[in-house]
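Student: Could we go through this structure together and ask what stands behind each label?
Tutor: Gladly; let us put the values next to the definitions.

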Amino acid sequence: MASKLTAIVMAAGKGTRMKSEHPKAITPLLGQPLTSYVLRALEQVDTEPIIVVVGHGADLVKQALGERYLYALQAEQLGTGHAVMQAMPHLPSDAEYVLIASGDSPLVTPEVFASLYETARQTEAACVLATAILEDPTGYGRILRDAQGNVVGIVEEKDATPEQKAIREVCTSFYCFRADALRDALPHLSNQNAQGEYYLTDVIGILAGQGARVVAWQSPDPTLLLGVNNRWELAQAAQAVRMRILKQLCLDGVTVVDPATTYIEPTVQIGRDTVIEPNTHLRGNTIIGANCTLGPDLYLQDSVVGDNCHLFRSHIIQARIDSDVSVGPFAHIRPGTVLHTGVRVGDFVEIKNVEIGEGTKVLHLTYLGDATVGKGTNIGAGTITCNYDGERKHRTVIGDGVFVGSHATLIAPLTIGDGAYIAAGSPITDDVPPESLAIARSYQTIKAGWVRKRRESKQGAGGTNDG
Ligand code: UD1
Ligand code: CA
């Protein structure tokens, strides 16, 4: 029978070293809260429940992390040991093992948790702790071992002697405890140390002192266990997460031309044979189909895109784009836009809250807002929907197979019927019936020879101002 595996994630701290007004746990890393990375890794190893200790900005943190977890409140942040004490009442009485993780270490993988748990079961240790050997261990707790190499404790950087500071094996704040051992040891913690805090790390010394078995699990890849304490570490962690995502996409059949300038959030899905050109940002709840070319220079957020699309050098937010659509360069596609199959959107075109039917072209210098446009319609260069009268927004409805000539000004509310023809340069204020021509402009007058006559009349008057 599988043992009952539970988890505690410590995320109550202020994150003083971030120098921020916001709680560290929800600092965005590639669009997702920092602590959510730890939680996602834990979710993949069958832990139930996952207890998240919150304190600083507790409500904001809970809201950002969601309802899947049990939350324990640590009203005053008196240290990592104190954080775990607050979680203990939420631990089920039949819990056998407790994985403990620091909420600020986003690079951890499910395999790390699985290894800690497996090692705990095989060795029957009271605690398995993940350690790493770092080139520069500054800031981390150091692992103390006796002459036989047994772990006997952890000393925090601020409490360490110069000799202890030279130790390069560090505590990474990932542990798997036997629940009973953890329960028994926590009451023995004291806050008599440099920071006046209850350190979880002291539990290791307490257990070792009682003769309990403590096992160090050394990660083959120390970078998986790195913590984020300041914004430079945040930037480095973001880079590592980003490369992980890009690598997985490549292995799944997506071409990433230049990983260095490609930003794809973990929430984005992309189909096979899609090519991501340099300087492309794909964010939020975005799904991209197969065989598209995205970029160069594309920002696309919270959008769904079909197959065979070519979107480049443009800004697209909350849009639905069907297959075989091209957008760019320099288009701004705003929320509520739906582009059906085969639509082409060209340069300097802004579209907001508009549904555009199959095969319609909007190729140059146009603003369409709050409109419905039919199939096979051509929107000429410089067309503007005047959707706003200073107080309210109004809709423009344009039918199928309409020809809107260049520089038409469509003053909403307005309906243009199927097959209608709008003459270039027309301000259109009234509905246009199907198959009709609407022309709204003053007729041109030609005054033949006007320029010559003016010149001659000036000379006749002895005009001197010819400079
Ligand atoms: C901690 C460890 C250190 C280890 C390092 C690894 C302790 C005392 N030190 O140090 O040995 O090398 O992690 O990354 O455990 N937290 C709370 N409540 C608190 C204090 C902290 O929930 O009262 C949370 C924080 O939000 C954070 C985590 O615990 O997610 C770790 O706290 P942090 O202050 O970052 O500890 P470190 O100094 O990194
Ligand atoms: Ca930390």
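Tutor: What follows is a short round of questions about labels and the values behind them. This is a predicted model, in which local features need pLDDT of at least 70 and side-chain atom pairs count only at pLDDT 80 or more, while totals for chains, interfaces and linings use all residues. Residues are numbered from 1 along each chain as its sequence is written, chains are lettered from A and ligands numbered from 1 in the order in which they are written, and side-chain values use heavy atoms, with hydrogens and water left out.

Student: What makes Asp-104 and Asn-229 donors of the calcium ion (ligand 2)?
Tutor: Donors are N, O and S atoms within 2.8 Å of the metal, or 3.2 Å for Na, K and Ca; water is not among the atoms, so sites may look incomplete. Asp-104 (OD) and Asn-229 (OD1) lie 2.3 to 2.4 Å from the calcium ion, so they count as its protein donors. Asp-104 sits in the loop between strand E6 (97–102) and helix H4 (110–123), and Asn-229 in the loop between strand E11 (214–218) and helix H8 (231–251), so the pair ties together parts that are 125 residues apart in sequence. Helices (H or I, at least four residues) and strands (E, at least two) are DSSP runs, numbered from the N terminus.

Student: Why is Asp-104 called buried?
Tutor: Buried means under 20% relative accessible area, exposed over 50%, and partly exposed in between (1.4 Å probe, protein chains only). Asp-104 has 12% relative accessibility, so it counts as buried, and Asn-229 at 17% is buried too.

Student: How do you know that Cys-176 is in no disulfide?
Tutor: A disulfide is a pair of cysteine sulfur atoms within 2.5 Å. A search of the whole structure finds zero disulfides. For Cys-176, the nearest cysteine sulfur, that of Cys-127, is 7.7 Å away, so the cut-off is not met. Cys-176 is buried at 0% relative accessibility. Cys-250 is in no disulfide either, with the sulfur of Cys-292 as its nearest, 16 Å away; at 37% relative accessibility, Cys-250 counts as partly exposed.

Student: What makes E4 and E5 paired strands?
Tutor: Two strands pair if DSSP finds at least two bridges between them. Strand E4 (residues 50–54) and strand E5 (residues 70–73) run parallel and are joined by four bridges, so they pair. One of the partnerships sets Val-53 against Ala-72 in E5.
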